[in-house]
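Thanks for agreeing to look through this one with me. Here is the structure, followed by some numbered notes to read alongside it.

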Amino acid sequence: MRILWFVLSPLMALAVGLFFLGLSRRFMARIQWRVGPPLYQPLIDILRQFTQKSVSHGPLFDLGVVLSLASSFIVVLFMPLGGTAPLSSSGGLLAVLYLMLLGPLGIALSGGEAANPNVSIGISRKLILAVGYEVPFLMIVLALMTYYGTISIGEIVAAQRESASAIASFPLVFSGIAYLLILPAMLGVRPFEVVGAAQEISSGPAAEYGGPYLALATIQHGLTMFIGISLFVNLLWGGASNPVVFFLKMLVVFAFGFWVNAAFPRLRVEQAVRYLWRWPTLIAFVGLILVATIGR
Amino acid sequence: MTNPLGTRLDATFKGVELRSGVDGRLAVVVPREAIVPVLTFLKEDGYDYLQLISCVDWIDRGEFELVYLLSFYTEDEVGRDGGKQEVLLKATVPREQASAPTATGVFAIAEPHEREIHELYGIHFEGHPRLTPLFLDRDYEIPPFRKDFDTKQYVADVFDRVPPIDEEG
Amino acid sequence: MSLGLLLIVAFGGSLLTYLLGKVSARTRDAFAVLISLALVVMVASLYGKAFRVPFYGGFLGMPLVLRIDGLSWLFAIAASVLGCLSVVFSLGYMKGKERTSFYYSMLLLVIAAMLGVVLSGDLLSLFIFWEIMSWSTFLLISYNGGPALAAGMKYFVMSFVGSLAMLAGVLTLHGSFGTLEFTGVAAGMSSASPGYVLAILVLFGVAFGTKNAIWPFHAWLPPAHSEAPSPFSAVLSGILIKMGVYGFLLLMFVIVGLRTFLSLGVGRIEFHTVLSIIGAITILLPTFIAIFQNDAKRLLAWSTVAQAGYIILGISFGTSLSVAGGMFHFLNHAVFKALLFMVVGAVEYRTNGVRDLDSLGGLIKRMPVTFIVAVIGVCGLIGVPLTNGFVSKWLIYKTLILERSPFLAFAALFGTWGTILYSYKFLHNIFLGQLPQRYEDMERAPFTMLLPMTILSVVVVLFGVLPGIPLAVIDTIGVSFGFESLHVTPWGIASDTGALNTVNMLVAALVGLVVVWCVFRSGARSVSVGQADSYAAGAAVPRDKYQYSVRFYAPLRRMMAPYLKDFVDSFYMRLAGWVRGLGDGLRRIYTGYVGDYVMYILVFLAVLIFVQIAWSPW
Amino acid sequence: MDRNQLMKWIKAPTKMAHKYSLNAVYFCTGCGVIEVPPTITSRWDAERFGVVPTATARQANLFLITGYVSVKTLRAIIRTYEQMPEPKYTVGFGSCTINGGMYWDSYNTINQLDKYIPIDGYIAGCMPRPEAIFVAVTHLWTLIDKDMADGYKRYRKNYAAYRANQEMILGEMEWPPIFQTEVATAITEREG
Amino acid sequence: MRELELYFGPQHLGMVGNFSITLKVEGDRILEATANPGYLHRGFEKLMEGRSWIKNFPMVCRINLVDPDHMEMIYAMGVEKLAGIEVPERAQFVRSIYLELARVSSHLFGLWAYANMLGFDTVSNWAMYHRDLVLDLFEELTGGRVYHIYVWPGGVRRDFPEGFTDRMVSTLHSIGGCVPDYDTTFFNNKLFSERARGVGVVSREEALAMGGVGQVIRATGMKYDVRKVDPYAAYDRVPWEVHTRDDGDAYSRICVVRDEMIESVHMIFNLIDAMPEGDVYNRVPNPLKWKIPAGEAYVRCESSRGELGLYLVSDGGEKPHRVHFRTPSYAHGLAILEKTLVGANIADVGNIMMSMYVVAPEIDR
């Protein structure tokens, strides 16, 4: 069974991630009084990019983007997607926290070799934004781990199945709200779309990517969405007993996290960080204090 | 000319020639050297808005005519009828060794205008901070806005001479 | 293998190196390498042994004792290996510099003194070796003169304060128990009053904390690290300041004892919690100061302060996992920080001493191997999975979370995010981006530099994939302290509340990388282009002017700068008048001749003896 | 999707992907660009057909050269075109790219764009309406289907001639030739 | 210390039009900005010297693609002044309505560009859609979507077609009905105002010293509008207001644009009500052999971005001797923008530039 999930969960993440990408374009189009592209448009784009003959700036340029995508897939292996996680006993949520940063880091290393300041500015923004949302995010995750007394995602899911899901229980409801508030920043959608700001720094880290590189970066973007949302479903919404329910739950969270994309302009990076360090941090902090003092 | 401004200009500067204006403007012709002092005088007199610096190539007379259009910012709804006349300042520059003093010290906006005239007419502005190319990428032997620059000939000489790509070859 | 012989070889080697330098530079170099290698072999042969031998019969009526056990072996092997690598690295780095004989002999002296510190079995010999270590360190820090001298002076002053505190502690202990041997003192401590133990802890804590540069005694470290010669910075940051950690471990778990240590406190404030909080502060503040440094070595120096915070947090939290994590992190930090300092050294060597992060860039094109080892070192520093830093940090986090200290865990985890920021800045500003024209025909780093760096980077990955190797050693030390065993497996930790299995991760990573790589290669082949063919909005790339590295984190800096004043340092600087007066006076003493320095050391020891005799009532 | 389309997808997925994912490089070369925003926004919504603007040339495969090309712009156009990954398609927009149009006698605009870079198709008119852009896109689909949108191959094949023409107008260019001509010929022969 | 030179344009998503700014950057602050125009230079003024007076009409509108109608108007005004041609009263009204429609369309384009700069796709899509509705009106009136060539010396080409006013009013009403939507999503959006307030501040003194016009100085509280100061067409026949803001930042400028758009629509309604019956066209001599007496003229009007001037010299021949346009973006794009960008954040380049509504072809000509 575990071997099966080894193959199944990356595929599911790939499919759902690309579906989310297509859905987000469609979703935006409808708000903007447009028809929008077909849902499978990202697939066409990726196929097209794969067959384009791009340029490479060096071995690291290739390796970084591969590393980024591979690490995203590995993170997926830590997630129970309505079943058991293939890598459930390999470091738990702490390892996930670390592996999640390998994605941007791979892109950063790869983009660094391109010798393009737009890329560097994008990466600097990405890291700053990450410091912004990591403050509340770490508080949320720590509150969860302290509350349930484990660092394993599987056990957190199991514990929620026994009682209520975390977002419906008393001290953790704060963490849930804070997570929803930072979700757009983690997904990188507007108003937090400072990293790939096309009108400011020419799509930032992706500025030198074309062809297969861009395809991989696009897939990685889809997986980032998938991971951000599935973490919420697993940690705070009790996971699911089968992949279908899991997918439906993800869809709801996606809609919630994505509607702001259409309704706000892009912020400057320090404004974004200032926002993230204000309300979401405060709420997450309250949650953490409650968990640390009251406990289970 | 019974214009008070004109009288004062006449009294202050030598060689100032007043002409009947262009639709209500006071046209002042000054020698090349007096451009900056007269502009300074006019700016202190309330003409704080340099609308345009233009240049006309009178090839028959063998000279360029620099034209400074001066106006003033007003919130008055009938600014023109308030009694204040707008000024059109003219100075001539010979076509050979064309140069003129820069007005950037008086009006900041003169900078791009003079750069443009330098590029398109080849008039050198003494003391201009950056007379670098503004619009053009190629070097032209005759500055393109001079009347003796024939664009049709130029196009035939340069662009039309580029051969089409022989797809078979 | 006799411990005495080991020390004689170490100290004698140092002296002989200096003398050989008068004869021939090449012989001296070979001899220095040989000595340091011999030390490694000798220390390695002591693995698993535990015994004590009297070294010198009656120094003021007190026997000087040497001893070895798991703890001292761990530190001794780290010191000797790093020392050896640093000597090898120096071969290239010091080429063409002046006073090289002095440098090598001092470097070996520092190594010998460190070995003496960890091998000494009583507090008096510990103190003597400690002083030799401090003084020779000072001489090496101020080796370059100029700002280095000022940095050395700062180090000296703070070290002096630490030494005084330690001396007071030693004398107090002697007065109370009449012996300075560890076992004897430990026996006495178990029956002492808590207030007395606390006082001793604070006295020694000042000494060890100063050496280890924990907040608020860190002020000497950044200038000292950045001004010292790079190979010595590696030793300094990698192992020398970790002598403070050794001291803490010795004090807490050998002399005071685990149970006493954990129950110590005033009212509800527990001493070890206070120390943990100091550790957490030591993580957070320096990390965010490091982000905004422009000098590569100063950045690493601040990072050293921050990483020392992890170690202190780990060992003072006092659970079996956290102490193991702390000790493991000490080992890891020694490896990757030495590696990173060597990387800077190699860059400095090839660019004629440029280590300003704002003016480098693109060196990956010229120093690819150096870049690869730098990436590995940085990954270890961040704690990327499958490098050694991950395992030690994981141990610390896990125990912090499970012991319900989420705020300390937050500090540790958030510190890691800061680490990512400055690590990437370090990598990017040196190696990535556009290559300046003046470095376009630079050569690779020489072999004597690449070798130590490569060895260290292999260790980083090895300990990351198979953490069981060092953890087995550390576990036995932990057990000897009285902790329960960790259930170490070759690939991590087996536990009910979240296990660690690095081999699983390795397999997943390899499979993932291979699959993604295959997918990637199945796409259209790309064309290799140089750096000049880059997107520049339709224009050609401007040479030398297409690199974003100055004020890399400018938005963050604007937000955080007001809160990141190093107020501890400014506090010390308020004492500047006094310190400078003292420093000026001392500088006049330093004539630059080794003989004089040796004489000063002897004079100091004489003063020590006098003090001992004069205060004999204790 | 009708059966015909499905068969095409099965037979030549690459070609179909190129057809339905035309990402245009965003470069307002001339006044034709005024009709690009309406094309990509609500009224005409080119994203239905996969036509979206991209930020940099690296990510694009369609180059809409929207109108007259001054000498300064030509430099940027060549740079941008050469940075696009192959296969890439160019569409000349408006009469100015065909023969200079209204600016046939201007001293600063080149008259025939296809002397300098290969063009796969032209849209006539001044200003072409958004509908014309769609006609061009559908026409480009046909060309791709028939392998006739081969501008990038022609560029590689005749690179020496193109480069010579470019240097005639621009003088010395700041970047070296992107193809060694022999190499380019060899690649062309190998791939057919 | 390594300098960073960042190119903002021409091939840049943040650049509307073919224009380039070279930024010298330290961190994310701009130390020095150099405008680099000329990508669209066609030498219009030279080309017009080679074409007869009437043939220049198709030419002149192409100088500015977002607002070609004011270009036609200014040229027609110049020719009329030199040749001494009277314009019938009804034609003045028709011209005013036509120009105000053009202003609405141009401002909507500016709104598109500005919202696009901030990544606000939703609003930019709406604005572009509404602009298209206005373009439909133009198409019905003149036959062209973008370039209309409707204003003619001596009047306009043709009168309004049957029922055109009703359709125009209903279209404008439907756009006006969306103003509350724009307000809630855009102008009153807290994040938007955070992004735009205090950015790109141009003080009144700076603006006046560097020849600023239009929204740039109206956003500093200066009530300067050529339609009031030097009225032309039928602007002095109906009541209307000049809208100003006081802060001089990007937010004020874009709000001035919004207010002006609404004012224009009101003005159109007033003009329709006051419009007299009569001819819209006075005959001019045979345009192919038309000689205009020697002389010179400077005329000006208020285009959608500020004061637009034309200096026209005739030597008595069939062709103009010298044509020189004084375009609003010239001062804004070359002088004020360079000054304002110094010290700004690199994230705000497009923001500042499009709040001044710099249109590149106007600068290059």
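1. Let's start with a term: two strands pair if DSSP finds at least two bridges between them. Please keep in mind throughout that this is a predicted model. With that cut-off in hand, look at strand S1 of chain A and strand S8 (residues 527–528) of chain C: 2 bridges join them, and the two strands run parallel. One of the partnerships to find on screen is A:Val55 with C:Val527 in S8(C).

2. That pairing leads to the contact between chains A and C. Chain A brings 68 residues to this contact and chain C brings 59. On the side of chain A that touches chain C, the elements supplying at least two residues each are strand S1 (55–56), helix H3 (59–77), helix H4 (92–113), H5, helix H9 (211–236), helix H11 (269–276) and helix H12 (279–293). Which element gives the most to this side? H5(A) does, with 17 residues. Sorted by class, the side of chain A that touches chain C holds 42 nonpolar, 20 polar and 6 charged residues.

3. Now for the nonpolar core. The largest one has 584 residues, and those with the most contacts inside it are A:Leu129, A:Leu144, C:Val110, C:Met114, C:Leu115, C:Leu339 and C:Ala412. Helix H5 of chain A, covering residues 117–148, gives the most to this core, with 21 residues. If you centre your view on A:Leu129 and leave aside residues up to four places away in sequence, you will find that A:Leu129 touches A:Ala185, A:Phe192, A:Val194, A:Val195, A:Val269, A:Ala272 and A:Val273.

4. Chain E has a sheet that is pleasant to trace. It is an open sheet of 3 strands in the order S6-S7-S8, with antiparallel pairing. Strands S6 (295–303) and S8 (320–326) of chain E stand at the edges, each with a single partner strand, so one side of each has no neighbour in the sheet. From one strand to the next, the twist averages 15°. Helix H3 of chain E, residues 68–83, lies across S6 and S7 of chain E and runs at about 150° to S6(E).

5. Within that sheet, have a look at the S7–S8 pair. Strand S7 of chain E (residues 306–314) is joined to S8(E) by 6 bridges, and the two run antiparallel. In S8(E), E:Arg322 is the bridge partner of E:Val313, while E:Pro320 stands opposite E:Ser314. S7(E) and S8(E) form a hairpin with 5 residues between them, and E:Gly316 in the turn has a positive phi of about 90°. Is S8(E) largely enclosed or largely open? Of its 7 residues, 6 are buried, so S8(E) is largely enclosed by the rest of the structure.

6. The strands of this sheet also appear where chain E meets chain B. Here 32 residues of chain E are in contact with 28 residues of chain B. On the chain E side, helix H9 (204–209), helix H11 (226–229), S6, S7, S8 and helix H13 (328–341) give two or more residues each. By class, this side of chain E has 15 nonpolar, 8 polar and 9 charged residues.

7. A few words on chain B itself. Its secondary structure comes to 4 helices and 7 strands, which run α-β-β-α-β-β-β-β-α-β-α from the N terminus on. Chain B has 169 residues, of which 38% are buried. Among its contacts with a separation of 6 or more, 55% are between residues 24 or more positions apart.

8. Finally, some backbone details to check. Most residues other than glycine have a negative phi, and most peptide bonds are trans. The bond from A:Arg190 to A:Pro191 is cis, with omega near 5°, and A:Pro191 sits in the loop between helices H7 (172–187) and H8 (198–201) of chain A. The bond from D:Glu86 to D:Pro87 is also cis, with omega near -5°; D:Pro87 is in the loop between helix H4 (71–83) and strand S5 (89–93) of chain D.

9. Two non-glycine residues with positive phi deserve a look too. C:Arg404 has phi near 60° and lies in the loop between helices H17 (388–402) and H18 (406–431) of chain C. C:Arg404 is partly exposed, with 15 other C-beta atoms within 10 Å. D:Asp45 has phi near 50° and is found in the loop between helix H3 (36–40) and strand S2 (52–54) of chain D. Is D:Asp45 buried or exposed? D:Asp45 counts as buried, with 21 C-beta neighbours inside 10 Å.

Methods. Residues numbered from 1 in each chain as written. Chains lettered and ligands numbered in written order. Predicted model: local features only at pLDDT ≥ 70, side-chain atom pairs only at ≥ 80, totals over all residues. Core = buried A, V, L, I, M, F, W, Y, C linked by C-beta atoms within 7 Å. Buried ≥ 20, exposed ≤ 12 C-beta atoms within 10 Å, placed from the backbone. Contact = placed C-beta atoms within 7 Å. Axes fitted to C-alpha atoms, helices over the stretch in contact; angles between N-to-C directions. Nonpolar A, V, L, I, M, F, W, Y, C, P; charged D, E, K, R; others polar.
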